[in-house]
Protein chains: 2
Amino acid sequence: MYVRKYILLLGLMVISVKVSAESGEALWMRYLKLPSDLQSLYIPYAQVYFEEGSSTIEVAKQELAQAFVGLTGVDIKFQKKPFKCSLLIGKNVNQFWNIPDIEKNLKKCANEGFVIRSVKRNGVRRIIVTANTDAGILYGTFALIRLMQTGCPLDSLNIIERPKYKFRLLNHWDNLDGTVERGYAGRSIWWNRKETLDALKHQYLTYARANASIGINGTVLNNVNANPKVLDQEYIEKFARFADLLRPYNIKVFMSINFSSPVIIGGLPSSDPLREDVQQWWNQKVKEIYEAIPDFGGFLVKANSEGQPGPQDYGRSHADGANMLARALEPYGGIVMWRAFVYSPSGDDRAKQAYDEFVPLDGQFRDNVIIQVKNGPIDFQPREPFSPLFGAMEKTPLMIEFQITQEYLGFSDHLVYLAPLQKECLDSDTYVKNEGSTVAIVTNGTLFKHQYSAIAGVANIGRDINWTGHHFAQANWYAFGRLAWNHNLKPEDIAREWIKMTFTHDSVFVESVLDIMMRSREAVVNYMTPMGLHHLMGWDHHYGPAPWTDIEGARPDWLPRYYHNASEEGIGFNRSKSGSNAVSQYAEPLCSMFNNPKTCPQNLLLWFHHLPWDYRLSSGLTLWQELCYHYYRGVDEVKLMQKKWDRLRGRIDDERFEHVQHKLKVQVREAKWWRDACVLYFQTFSKMPIPYELERPEHDLDELMNLKFDMKNHN
Amino acid sequence: MYVRKYILLLGLMVISVKVSAESGEALWMRYLKLPSDLQSLYIPYAQVYFEEGSSTIEVAKQELAQAFVGLTGVDIKFQKKPFKCSLLIGKNVNQFWNIPDIEKNLKKCANEGFVIRSVKRNGVRRIIVTANTDAGILYGTFALIRLMQTGCPLDSLNIIERPKYKFRLLNHWDNLDGTVERGYAGRSIWWNRKETLDALKHQYLTYARANASIGINGTVLNNVNANPKVLDQEYIEKFARFADLLRPYNIKVFMSINFSSPVIIGGLPSSDPLREDVQQWWNQKVKEIYEAIPDFGGFLVKANSEGQPGPQDYGRSHADGANMLARALEPYGGIVMWRAFVYSPSGDDRAKQAYDEFVPLDGQFRDNVIIQVKNGPIDFQPREPFSPLFGAMEKTPLMIEFQITQEYLGFSDHLVYLAPLQKECLDSDTYVKNEGSTVAIVTNGTLFKHQYSAIAGVANIGRDINWTGHHFAQANWYAFGRLAWNHNLKPEDIAREWIKMTFTHDSVFVESVLDIMMRSREAVVNYMTPMGLHHLMGWDHHYGPAPWTDIEGARPDWLPRYYHNASEEGIGFNRSKSGSNAVSQYAEPLCSMFNNPKTCPQNLLLWFHHLPWDYRLSSGLTLWQELCYHYYRGVDEVKLMQKKWDRLRGRIDDERFEHVQHKLKVQVREAKWWRDACVLYFQTFSKMPIPYELERPEHDLDELMNLKFDMKNHN
């Protein structure tokens, strides 16, 4: 398809560029031909010795072949003998060269790591990719492909990698009826499908390849709000078939279970975890699963949380419940991921409750239990402080749960690159042992030396042709995997990889889009919930702004005003020592820093403090003024993103260009909706003018309060 | 009502100001107490000798009394004897002092002018207001009141004024059923009212006072698309009652008539103006009218225009029709205003037709016929060149018709100060005799020495409590009257008077609002129809943008594309010599200047030329780029107006402040609607990008094209 490149301002040139139409279906594995200078770098490596092996080795080999010909236009020649090859891949390929430091480095690679090494002997350049396991070869091969996709020279490689977390998981909140809770890219790829498995195979293998390419090694196939039927034989068989498809890609399947399953599908009188019949039932169920899926990963459990059943229904603790399941899974090497997302409407500050409930249980969990903790103490907001549980349970492995799907960040309508959010959390210093006790170090098992470590992301995947609704939401899937593999990677580097692989090497495009992506998270914070505000979204959809919501009979902790507490006196949640004292759940010096509004970071100020509208900030502005500036800045940033995108027309295919262009238009509109709604609503309390150098709101508060949200437009 | 004056940015002061709530009903005649320093300037003039006289003198005296006590808090003492008075008003007051140059100046004042003179004798200051007629005294009194309202010192006045036009008229397009064609301030104040005349008297007298205060001396009470019933005895009586109310204020009533009245209500077989029975019928009708209204002004006629009947229906000319009516009116001193607003769909360029039809008739009209010509050759657009008829009919008095109601300028929703538009037209040099033959000089009777001269404005008045829908639309009523009195006044000076009288003397407010008003007309040109574009409005409502309109069976000259001619080749109406040659209707050097796109003023470029999208302008930009910048500038200007208004809160009453604030919000929104609609629609032809430093459009073209216009929201 020919795209006329539009004449630039004072246009000097008219260029025609051929760009293919693309749907986004291929994700970052498009393998289109590289610029010719890069091709010539890689073509010398077309003579390949790929050590034979398992199905995992086979898929790695096929991937390399597909990628190589796509990127260079030259077919790989797979050779039986290594000596004339320029690229050697396999667990044992170093035997041919016996390079000592490769052996040494392999020891650092553990189970899933790999070594990639450029070698020059007798004037011949070669690349060796090796590992201790087939999985390592798979990841090493994908790493090599990525180097080519991103245009790296290959003649002086010396790469040793191993993943930072043992389990790197996607959580699909997919219901068995095919709907996806908080899913904005169509229905479930897993459940309630009319097509045959054969017809879907291409889709599932693309899913598997994509995850393998970024190191994801486990996937929970059903919603944490679990339907008990998932344990029926019918569904166990379906899990088994998915496991078979994913196994070559080193991806284990996991299952969310309903704690009341013994009663609901087992017919037992109780699901009390201390009852022997209940325990027996679970043992039997687990046995059935492992007969079907020998490498089954384990269970994910949401119990006694938001109405889900759990051990507390029988007067038992979370530990009692988790341990019962852990005992059943232990003989097979399975794990229990037990969610700490608990809070009750009658209790204390919601932000404190998970900590209060779980910390006393530290030491009571069996070794194969991991407590799954959301990154922040409330619920996947545009910005939260890290959850105080991180670092507070020395004897228990804690895994971090991020949300890739944008439940509170504009669904798949808003372009928000989430790596900076995740990185901010992972890099947060908990100070629990000493300086440098970051959330990453706490959760990856290093700090407290736990056997298991894990990290999970709630998937944003659905049946949409482009997988994630928004083309840029693919970047959040990609970046989550990359950070799970190595949390030391920089979000901008991950983004640059992804842009090159997903769109083009055109440096104008790459740098402009990088800039767009890197602005996007702070933009959404600013236009939705700046300065530590949180949960201002409509209570039933979590999409648009509804800080005014007052629903009779609704749980107060599901309503925005529980969180913003706006009144004529001021705004914010007092979590300091004079308030809910949530600050005390953080180690010093954080506790003191958060407790004092003068030292509390401004981007969390209203998370920890309720302050008067005329409270004077270090900028010299009042709280009210600063809040207005933040909301306006959010909109301005999105406008800037939109302008930057718009001038990239012609540098990529029109299909994706226009899709994103349209989404950005929606985002600008909705950013204004957010800004106007919040500023005008809070102004009814502050009674102060919007700073006069700012544009006036576009909407009336009444009009915004009467907008009806139609979920149909957002799925 | 107490208004909290909001804290300014980095607010240093909090002030409470008492401001009264106001509805706008009192127009610019609020007569609220002035700042005390001004009061003290005027209180010395409370001893007044007001010469007794007609009802006109009586209303002037009452007005002065009301104004004086309102503005100063001190009641006037009317004295029987002049010698102790400080203010003397009357036709003969100079006899007491016999100041020679007052006598001399009175000669220059003609019928409606006046002299105001400060005199100091024996250490005593006095003011003399005098005139040749009662009307002159009325206008002189209002002028004196205005001097006080606007805070002028009175101790060295030497004012001689006389109106530039003999007839200064409002045209009400009010239908007898109470609707108002192109009226956006509620239903007609004149027709189909349920209240008794007594109940409405206050309203009518406010109307009369307002008009007298600005020198309006005639009013056409019914729509030019005239219902024949207006000539029924019932309506003649109603006209007579209105005339009785208005007479003391020197306002004559006029009537729009339907040319087919002899057939429709007279029962004659024809309305042919050359038939004697028809002439007799009109003579009789006029006689009836003058029996009821001895000072009846005359007829306004829209004939053979937009479906109205006329003499051409009988093969007669406009002159035949107008002269028949003129003969009937002549004995009583009445006039005929015959509209030149004629065009037919089958004919030549609509902009040329009035000229082509009327110029050949020059010299054929009777002396008491005035041809009423719209300011531009099409129809009350945000910008048009002046009508080429001005100056082209030396032997015929031409009157200029402006539209005060904003048919094509955002109705009563948009703040647009029209004086700059009117002034631009009046000051336009026609070059018909020599340099300086402005439209004003042509129409006020000076250039060609006509007995009659007239100027008309289509009223924007309705039953709304504030008279005009938008508070700022009052300024257009006011400014029209002031310019009709003296077209040499500057729009900014008129605006400053009006702001002070209507709102406050607060100089911050006055200067800010002046700036808003002075920006407003160019803003609306830019966001609706910049660079000479015209008639892009929805064809059935004339409100929002609809350049795409294509209605099967609609008259092509009622559809926007007739005017914009956008295609892939370019945009604009070729009226140059290579096109419709409308330029030839203008005198040199205008004809040559308009004919050449290099010399044609840029703000009329697409009026006279069809040019390619990449046509390079003197700015170095292409036509497309320049067009985009104009549309965006229009929106930016309205945003600026809005910001300027917003910071004036507390300086006037909240009631009007918030009313205007809301209207400005609507205007910003609709300016964007205009901008996006036109830019996106024209982009489908230009196929060029919107310059990248400009914000991206907010709307999608599809969405805008599907918007339904609901007239109910705009009346």
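**View 1. Three residues of chain A carry the "active site" label.** In this predicted model, the "active site" annotation comes from an unreviewed UniProt entry and covers Glu306(A), Asp379(A) and Glu407(A). UniProt positions follow the numbering used here, feature names are shortened, and annotations may be inferred rather than shown by experiment. Look for Glu306(A) in the loop between strand S12 (298–301) and helix H9 of chain A. Helices (H or I, at least four residues) and strands (E, at least two) are DSSP runs, numbered from the N terminus. Glu306(A) is partly exposed, with a relative accessible area of 30%. The cut-offs go like this: buried is under 20% relative accessible area, exposed is over 50%, and partly exposed is in between (1.4 Å probe, protein chains only). The side chain of Glu306(A) makes a polar contact of 2.7 Å with the side chain of Lys302(A). A polar contact is a pair of N or O atoms within 3.5 Å; within protein, one must be able to donate a hydrogen and the other to accept it, and residues adjacent in sequence count only if both atoms are side-chain atoms. Setting aside neighbours within four places in sequence, Glu306(A) is in contact (heavy atoms within 4.5 Å) with Phe341(A), Tyr343(A) and Trp558(A).

**View 2. Asp379(A) is the buried one here.** Asp379(A) sits in the loop between S14 and strand S15 (398–403) of chain A, and its relative accessible area is 5%. Its side chain makes a polar contact with the side chain of Lys374(A), at 2.6 Å. Not counting residues up to four places away in sequence, Asp379(A) touches six named residues, among them Phe341(A), Arg350(A) and Glu407(A).

**View 3. Helix H10 of chain A is wrapped up by its surroundings.** Seven of the nine residues of H10 (residues 350–358) are buried, so the helix is largely enclosed by the rest of the structure. Among those buried residues are Arg350(A), Tyr355(A) and Phe358(A). The cover over them includes helix H9 (318–329), strand S13 (335–339), strand S14 (369–374) and helix H16 (560–564) of chain A. At the N-terminal end, Asp349(A) acts as a cap: one of its side-chain oxygens lies 2.9 Å from the backbone nitrogen of Ala351(A).

**View 4. Glu22(A) and Arg656(A) pair up in a salt bridge.** The closest N and O atoms of this pair are 3.5 Å apart. The pair ties together parts that are 634 residues apart in sequence, because Glu22(A) lies in the loop between strand S2 (16–18) and helix H1 (36–42), while Arg656(A) lies in helix H20 (residues 654–686) of chain A. Both residues are buried. A salt bridge here is a side-chain nitrogen of Lys or Arg within 4 Å of a carboxyl oxygen of Asp or Glu. The whole structure has 100 of them over all chains.

**View 5. Asp515(A) and Arg519(A) make a salt bridge inside one helix.** Both lie in helix H15 (residues 507–528) of chain A, four residues apart, about one turn of the helix. An α-helix has 3.6 residues a turn, so residues three or four places apart point the same way. The closest N and O atoms are 2.9 Å apart. Asp515(A) is partly exposed at 23%, and Arg519(A) is partly exposed too, at 24%.

**View 6. Chain A meets chain B.** The contact takes 35 residues from chain A and 35 residues from chain B. About 3,300 Å² is buried between them, with carbon and sulfur atoms giving 51%; buried area is the accessible area (1.4 Å probe) that two parts lose on being put together, summed over both. Ten salt bridges run between the chains. One to look for joins Lys665(A) and Asp700(B) (3.0 Å, N to O).

**View 7. Thr430(B) is tucked into a loop of chain B.** The loop lies between helix H11 (419–426) and helix H12 (439–443). At 2% relative accessibility, Thr430(B) counts as buried. A polar atom of its side chain lies 2.6 Å from the backbone oxygen of Ser437(B).

**Reading notes.** Residues are numbered from 1 along each chain as its sequence is written, and chains are lettered from A and ligands numbered from 1 in the order in which they are written. In this predicted model, local features need pLDDT of at least 70, side-chain atom pairs count only at pLDDT 80 or more, and totals for chains, interfaces and linings use all residues, while side-chain values use heavy atoms, leaving out hydrogens and water.
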